[in-house]
Structures are given as C-alpha cells and as structure tokens.
Amino acid sequence: MVVHSASERVLAGLDPEQRSAVTAPAGPVCILAGAGTGKTRAVTSRIAHRALSGEISARHVLAVTFTARAAAEMRSRLAVLGVPGVQARTFHAAALRQVRYFAPRLLEGRAMPELLDSKVRLVTLAAAKAGLRADRAAARDLAGEIEWAKSSLVEPGEYVVAAAKALRDTPHEPAKVADVFAAYERLKRSNGVIDFEDMLRAAVWGIEEHRDVAEQVRAQYRHFVVDEYQDVNPLQQRLLEAWLGGRDDLTVVGDASQTIYSFTGATSSYLVDFPRRYRGATVVRLVRDYRSTPQVVGLANAVISQARGAEARLRLELVGQRPPGPEPELRIFTDEPAEANAVAARCRALVDAGTPAKEIAVLFRTNAQSEAYEKALTEARVPYVVQGAERFFERAEVRQAMVALRAATRAIPGETPLPAAVVEALAAVGWAPDAAPAGGSARERWEALAALVQLAEEYAATPEVLPIGPAASVERPVTLADFNDELARRAAAQHVPTVDGVTLASLHSAKGLEWDAVFLVGLSEGTLPTTYAKTVEQVEEERRLLYVGITRAREWLWLSYASARSPGGRARRPSRFLPQLDRSGGTERAGAGPGRRPERRRSQIVSCRICGATLLAGPDRKLGRCPTCPSDIDDELHERLREWRQRVAGGQRVPAYVVFTDATLVALAERRPARAEELIAIAGIGPRKLGLYGEAVLALVAGAAVDDVCPEKTFEISS
C-alpha cells in the first residue's frame, strides 16, 4: 500500500498529456515533446512511477542522454522522486563503462587502448601523409568529416560515394579526405589509441560478437529511455539495438522540429519512423509550453508552420501556458555595427532595470559573428561570456594574426594605407581577401581574420587629429603600430567578469538552454539560411535552427538584421523565415476584388530617432522611436495638448481620438515641431489635419496657453 501511494504521488501535478506518457503500458513508447513542455519531468516520472509501483527495478533501467548535464539532471530528479540507482548516462559514458568492464575478456588480457580526447593532432599528421598541409582549423574540419563518416558507419574506402550521396560540403576533394581518413586509422592503430567512435563500435562488437557479453549486458539493462532521439546517429542507433537485443521496452523522447545536427551524422529518421518500426507503439504528444509566454510561442508556431519535409510530419503546435508577455520585437538596422550597438544598449537597459545579465542571451548563426557583440557589450560596460566558442581575441588564428601584425610594423613601409598593410601582414598566416573556403572551422577562421581587416578599415576612417598651434590642427593617418595598440586595448578591455554575464552563443550551442531575454541577431539571407544551405533539406534545417533560437526565450524576444554588413555596403534581404510583415509600412489595399493582386500603398520608412531601428508598428512610427527607447517628452506641453484636444473634441461633439490619438499627442510633446513641414512629418497628421489644427498646435508648442488658441466658442467641421 505504501509503494502504491508513492507511485500515485508521482502523478500529482502532471498535465493530461504528461500523465498519459507516464502511465503508458510497458513496450515501445514515443514521446513527442515540444520545447518547454516538461519532457524531463515526464520521462523521470515515468521511470519513477514504474519503479515505485513494482513494475520494474530501478537498477535495470538505462536512460541515455546527449550531455552529461542532462544525465546529471535526470539522476537528481529521480533521487528526489525516491528512485536512486537508475543509470542515466550519455551514449559515450555508457559505452566506455561497458568496454572497460569487459576489456579483460574482449582483449584477452591486453591493456585497453588509450582514448583520444581530440583527433586534431593525429589528423594533422594523417593529412601530411596524404600530401596535405593542414593548420589547426583545417585539421578540425577534417576531423569533423571523419567523425561524420564513422558515426554514419562509413569506412575510408566508402567515403567518396557516401559523401556524394549525402551532398557533403567537404573541406578538400573527397578522394583526398578519404586518403586522410585512411591514414588517420593507420596512425591510431600504430599508436595504440582509439577515438570515441571506436569506443562505441567496440561496445557494439562486444555485444554482437560475444554471446556471454550480450547476455550479461541484457540481463543488467532491460528497460531503456533515450532522450533527444532526433539527434541519434546510425552508430548510436546500432548500439541501442545491440543493447535491446530484439526486446521493445523502449521509451524515446524527441522533437523533430529541433533536428539541427545533421552535419554531424544525426538523423531524425529513427524518431520519424518509430511508429512504423514498432507496430502498436504508444505515441504521446506534449504541446503545453511552460517555458515561454504565449507571444513567444505564437511566433515559434508561425515559423515552424511553414516547414516542409519528413520532420514536418511530426510538427507540434505548442500552446503557451504562461501569462501574456511583451510581443517579440523585429528591428532592422542600416548595418551590422548599428545592430550590435543597439543590442548592447538594450542589454544595458535590461540589466539596469533589474534583469540579471546571466538571464540574457545574444544568439547568432556562426561564431565569427560574436566579435561585433563582444566589442559593443564591452563599450556598453555589460559583462558577457562566450558559450561554446573561444573568445574572439583568444582564438588561435587571431592570436597568430596579432603576432604577424606586430612583426609587419618592421617590414611594411609606414606610408602604406592601413587596410592594405593589414591584408599584406595577414598573408603571412595564410589569409587572402577572396571567398571564404568550404568547411565550418576553416570558414570561421577566414571570417575571424576578415573581421580584423574590416576593423582596420573602420579605424583608418578616423585619422588622428594633432594640434599644431592654438587654433590649428592637422590629421595624421593611423599607422599599423597605432592599429596594434588599438587591438591590444580592445583585447585587454574584454577581460570582464563572466560569472553573471550576457551569454553570447551560436544557435547550435544554445540548444537545451533558456533565458528570460533572447536577442536573435543577423537574421538576413546568406546568414540564416546560410549560403551553404543549397538543398531543400539543408534550408529546412536552417528554419529549424531559427525555431530553436526562438524557443530559448522565456519572456522577451528580439529579432534583428542589418540591411548591409558595413556602412554603405551592399544591401541584403531579411531572412525568408521571418514573419511576413509589410516592412515598407504600407498596407494591402482593401477591395482589390477577387482574382486581383492586392496593391500595396507604400509609405516612407521611419527610423527610431534614438537607436536607428526601422519602425514597423503604427504607434511606434507616430512616436518616431521604439517603445522601449527612452522618452524625452515635455510633460507640461503634453498636458496643454491634452486639454486643447479635449476642448476641440467637445466642441465638435466627437471622441478625443478623432482629433488626435494619444500616440500622436505623445509624439508632438516629444518631437516639438516648429514648422508645418515638421508637423506633417509625424505619422497620422496629413494635409487635412494640418489645415484644421496646424496653427493651434504650432502655437502650443511655441508656448501659447490653451485659452489663447482655443476660445470659448469652438468651431465645428463642416460636412
């Protein structure tokens, strides 16, 4: 009776869908869990409910996650529920534990090979044996390609065909990559080491080829849970099947709309095909979002509703459970520096208003984008921490470039223009001002050094002004030595506390995390989706990446992009994934008639006079500023305008807003127009209202009393 009561208590507080997942019968169960829907609670409650009711023993459960943090969280929750003893581990940790345990039996007394913590050193040597020179960035790209192949169960001799079928964007010609792959495998064997994929394969081999090992493993683990099942790769799936040995007491949890790691070999096909693979499987959908406000949830639904492909078949429409919050903001800036500065200013305002810096995140598509935000946040005196990437000035390629730039001060003539001098100096570290190379790390390395060149161009545009007399001065062009001093100053200024800092992270590294306030930046074509997304499947994965970013926000969400990369640069289009807003400020013409294409009435683009963002909403356009930018309203003038409007509306026997809306009055009191041209520039004041009220309003702005411009007898508008 006590046990039964404990298992029933586990069900307390669960919503109907979570309860269905927890109480599903033994056998194959697929939990489709949207972002913020309480999947960890559902999974741990299912394990606890089955254990406490006596259906299973906790020591026979193996729960597999993708991060050590998630595994620790699962163990902690199970302990609180009164179910210690469950093995919650990552695929790699579980496989390593088993291989080490069975090593004496499998290796016949030989010592277990050392496990490599990084492939880069051996890949560099393998590249040299294959006739390639690979620096650290190129070696990382090659290592990533080898990891994809091994995770996809592809051997060196099969790589060329497999890469072609998968449309891989290979860092070198595929045959050369295959040569490096083969040389890497030979070097591992000769050095007596294995990598993480070898370890997973060893665990599979131990079970598939040794009956006694299989029997012992399967006697120990009888009930399986796999989290983030959309991220499983073929090698991990094969290990899972080896553990199962034909049994079907398997619970998987995943969200096809969060499939964003296909470049590593992960595939959502196992999640998508689960009901077909296991006939009669229980499928439960968790759609109640407890993380984000309904406004954030609504935007996430709008973005993912346009998805196509296999993953879209399991698309979930989330239902927000939190109280309403602010609408997501969409901001458009003239260039990337303006975007970064506006983001930093808003972060500063959020922190000053009481939001902890650690509850704010700036998320971008590639790590190379972080430098602009590191600089802007530093200048705004906002602490930050870079998640999942090295800080810009701590990157190996940037450190090498700074050494080369210092050395170049002795070799490059002083009269050489700074941007040209920087390009010439960076040639020593292999950088050239042409198209970015293929391969993630190599491309990011190129973009990081390109950022130094862009910084040099900006720095050269502000020459030093030297006084030559009491009333005269002369401009001195900045030199390479000056630029080196500037770089040193910037690097030193970025050593800020990171205990409570704004998180800077790529969208990939942000998965699984959440913050009160999230900035999604750089949302332009060519960045998200990236230009390297060429197939329909690749473009859809980019859409899912934005969806993941949106669902990281609990309350406050900002989306932005820059119309150009740098001031005066080539114009760019907003990401195709953004909501379809009329960014010209126009509206569809009513009554266009059936079969006719609606015409758009285009109006002037209005920018915030404080931060420079393009204003989209009508009230914001009237104010001439973002609603969250600081107001400079003249309160006394605002009160006189309100009194004047009340008298005029009373005389005309119309509601006050017919004269001027509240937003228009605020705009008048903030902008204080002095001439008719300035008055009509305020959205909502056209020629008609200028003729009716213009003279009175300008007089009030100039200081006139309400009695002076609004006599006892008020006029009425003639019909």
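User: In β17, which residue is the bridge partner of isoleucine 360?

Analyst: The partner in β17 is alanine 517. Please bear in mind throughout that this is a predicted model. A second position can be read in the same manner: valine 362 faces phenylalanine 519 of β17.

User: How many bridges join β12 to β17, and do these strands run parallel or antiparallel?

Analyst: Strand β12, residues 360–364, and strand β17, residues 515–520, are joined by 4 bridges and run parallel. β17 is also joined to β18, by 5 bridges and again in parallel. Within that pairing, valine 518 has leucine 557 in β18 as its bridge partner.

User: In what order do the strands of the open sheet stand?

Analyst: The order is β11-β18-β17-β12-β16-β13, an open sheet of 6 strands with parallel pairing. The edges are held by β11 (329–333) and β13 (384–387); each has a single partner strand, so one side of each lacks a neighbour in the sheet. On average, neighbouring strands in this sheet are turned by 20° against each other, direction ignored.

User: Is β17 mostly covered or mostly exposed?

Analyst: β17 is mostly covered, with 5 of its 6 residues buried.

User: Which strands does helix α16 lie across?

Analyst: Helix α16, residues 336–352, lies across β11, β12, β16 (502–506), β17 and β18 (553–562), and runs at about 160° to β18. Another helix to examine is α17, residues 370–379, which lies across β12, β13 and β16 and runs at about 170° to β16.

User: I should like to turn to charged pairs. How many salt bridges does a search of the whole structure find?

Analyst: The general idea is that side chains of opposite charge can pair when their charged atoms come close. In this structure, the search finds 42 salt bridges. One of them joins arginine 201 to glutamate 155, with the closest N and O atoms 2.9 Å apart. This pair links distant parts of the chain, 46 residues apart: arginine 201 belongs to helix α10 (residues 196–209), whereas glutamate 155 sits in the loop between α7 (136–151) and α8 (159–165).

User: Why does arginine 201 count as partly exposed?

Analyst: The class follows from accessibility: the relative accessibility of arginine 201 is 23%, so this residue counts as partly exposed. Glutamate 155, at 37% relative accessibility, likewise counts as partly exposed.

User: Which residue meets aspartate 198 in a salt bridge?

Analyst: The side chain of lysine 188 does, at 2.6 Å from N to O. Aspartate 198 lies in helix α10 and lysine 188 in helix α9 (residues 174–191), and this pair links distant parts of the chain, 10 residues apart. Aspartate 198 and lysine 188 are both buried.

User: What distance, N to O, is found between the side chains of glutamate 311 and arginine 544?

Analyst: Their salt bridge has an N to O distance of 3.5 Å. Glutamate 311 is in the loop between α15 (294–304) and β10 (319–320), and arginine 544 is in helix α23 (residues 536–550), so the pair ties together parts that are 233 residues apart in sequence. Glutamate 311 and arginine 544 are both buried.

User: Which residues are linked in a network of salt bridges?

Analyst: Such a network links Lys39, Asp227, Glu228, Asp231 and Lys511.

User: At what angle do helices α25 and α29 pack?

Analyst: In general, two packed helices are described by the angle between their axes and the distance between the axes. Here α25 (residues 635–652) and α29 (residues 687–701) pack at about 155°, their axes being 10 Å apart. With angles over 145 degrees counted as roughly antiparallel, α25 is therefore roughly antiparallel to α29. The crossing of α25 past α29 is right-handed.

User: Which residues of α25 meet α29?

Analyst: On the α25 side they are Leu637, Arg640, Leu641, Trp644, Val648 and Gln652; in α29 they meet Tyr693, Ala696, Val697, Leu700 and Val701.

User: How should the packing of α25 with α27 be read, and at what angle do the axes cross?

Analyst: The axes of α25 and α27 (residues 662–671) come within 9 Å and cross at roughly 140°. The two helices α25 and α27 are therefore oblique to each other. α25 passes α27 in a right-handed crossing. From α25, the contact involves Leu637, His638, Leu641, Arg642 and Arg645; from α27, it involves Asp662, Leu665, Val666, Leu668 and Ala669.

Methods: Residues are numbered from 1 along each chain as its sequence is written. This is a predicted model: local features need pLDDT of at least 70, side-chain atom pairs count only at pLDDT 80 or more; totals for chains, interfaces and linings use all residues. Side-chain values use heavy atoms; hydrogens and water are left out. Two strands pair if DSSP finds at least two bridges between them. Axes are lines fitted to C-alpha atoms, for helices over the stretch in contact, and angles run from 0 to 180 degrees between N-to-C directions. Contact means heavy atoms within 4.5 Å. A salt bridge is a side-chain nitrogen of Lys or Arg within 4 Å of a carboxyl oxygen of Asp or Glu. Buried means under 20% relative accessible area, exposed over 50%, partly exposed in between (1.4 Å probe, protein chains only). Angles under 35 degrees count as roughly parallel, over 145 as roughly antiparallel, 65 to 115 as roughly perpendicular and the rest as oblique. A crossing is left-handed if the near helix is turned anticlockwise from the far one by less than a right angle, and right-handed if clockwise.
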